[in-house]
Amino acid sequence: MHSREPDGVVLLIGECEYKYDWIYMTPRGIPPQMTVSDFNTDGKEELAIILNTGSGTGISISELHIIEIPEEQKLPVQSSDAPNPDKLEDHLFSSISYIAQLQKAVGFKTMNHTGELRGELTVGSEVYQVNLKDLQSEDYGKINDELVWGNIVDFSSNQNQLTVEFKVGITCENFISPIYIGAMHADVNYAQGEFILNNFRFEEYEEK
């Protein structure tokens, strides 16, 4: 894959090139990651592409694309200006999709345990408790029961398994920016153009 400024990249597969309007780099300079594996266990290899698409204060977002590789490459090399009717379909795991899955899978509420404020996350039958005593003051105000997802997202691939880490944020009445209490890890399953999160694991930030 190489850049085709100013609007996207060109993906080279065999002797064919395919142009995509992707954001592939931010000021942090994190290069794209590409892995070829049989992610959907159908006996054919797919190409997973992870792009760093967002960075800034409190923001770090990577984006996952899957391209299904054709078994034979019969197309001639396309010029940058020529139309490519045989463009390979780009399967994107959109933020709308994974945030909806997270909101459905993960519950959160606050509670007072022997005078100490705690947060309780539930994922299926798993229950995780987080110490929120540092936020137990009028300076923070009321803590909302809705978690914040999507500001810090890190996809990765290991052989034929795709995984993702989401930083878990909460919001308080007197603060605009989310306060991060831990990270939710999950496996990413891919099949027939769809992405499903499963095997959730929560990791609380350790006190320093």
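Trainee: What makes E120 and K109 a salt bridge?

Mentor: Set the value against the rule: a side-chain nitrogen of Lys or Arg has to be within 4 Å of a carboxyl oxygen of Asp or Glu. In E120 and K109 the closest N and O atoms are 3.9 Å apart, so the pair passes the 4 Å limit. E120 lies in strand β9 and K109 in strand β8, so the bridge ties together parts that are eleven residues apart in sequence.

Trainee: Where do these numbers come from?

Mentor: This is a predicted model, where local features need pLDDT of at least 70 and side-chain atom pairs count only at pLDDT 80 or more, while totals for chains, interfaces and linings use all residues. Residues are numbered from 1 along each chain as its sequence is written, and side-chain values use heavy atoms, with hydrogens and water left out.

Trainee: How confident is the predictor in the protein, going by the average pLDDT?

Mentor: pLDDT is the predictor's confidence in each residue, from 0 to 100. The average here is 86, and 88% of the residues score at least 70. Watch residues 73-85, though: their pLDDT is below 50, and the stretch has 21 contacts in the model beyond near neighbours in sequence. Contact means heavy atoms within 4.5 Å.

Trainee: Back to the salt bridge. Is E120 buried or exposed?

Mentor: Buried means under 20% relative accessible area, exposed means over 50%, and partly exposed is in between (1.4 Å probe, protein chains only). E120 has 14%, so it is buried. K109 has 42%, so it is partly exposed.

Trainee: How many salt bridges are there by this rule?

Mentor: Four. Among them are K167 with E165, at 2.3 Å from N to O, and R201 with D187, at 3.2 Å. R201 sits in strand β14 (residues 194-204) and D187 in strand β13 (residues 179-191), so that pair ties together parts 14 residues apart in sequence. D187 counts as buried because its relative accessibility is 13%, while R201, at 30%, is partly exposed.

Trainee: How do you know that β8 and β9 pair?

Mentor: Strands are DSSP runs of E with at least two residues, helices are runs of H or I with at least four, and both are numbered from the N terminus. Two strands pair if DSSP finds at least two bridges between them. Strand β8 (residues 106-113) and strand β9 (residues 116-123) have eight bridges, in the antiparallel sense. One bridge joins V106 to V123.

Trainee: What does T114 do in that hairpin?

Mentor: The hairpin has two residues between its strands, and T114 takes a positive phi near 50° there, although T114 is not a glycine. T114 is exposed, since its relative accessible area is 74%. Another non-glycine with a positive phi is N199, at about 55°, and N199 lies in strand β14.

Trainee: Why is S60 called buried?

Mentor: Its relative accessibility is 19%, so S60 counts as buried. S60 lies in strand β6 (residues 59-68). Leaving aside neighbours within four places in sequence, S60 is in contact with R28, G54, N151, I152 and V153. The C-alpha atoms of S60 and I152 are 4.6 Å apart, though 92 residues separate them along the chain.

Trainee: What makes the buried residues of α1 line one face?

Mentor: Helix α1 (residues 95-105) has Y98, Q101 and L102 as its buried residues. Seen down the axis, they fall within an arc of 100°, so they line one face of the helix. That arc is taken from the directions from the helix axis to the C-beta atoms. On the other side, I96 and K104 are exposed. The buried residues pack against β6, β8, β11 (152-158), β12 (161-170) and β14.

Trainee: Which residues touch the most other members of the largest nonpolar core?

Mentor: A nonpolar core is a set of buried Ala, Val, Leu, Ile, Met, Phe, Trp, Tyr and Cys residues joined through side-chain atoms within 4.5 Å. The largest has 37 residues, and L64, L121, L132, F155, M184, V188 and L197 touch the most other members. A second, separate core of 13 residues includes V9, Y20, L47 and L51. In soluble globular proteins, nonpolar side chains tend to be buried together.
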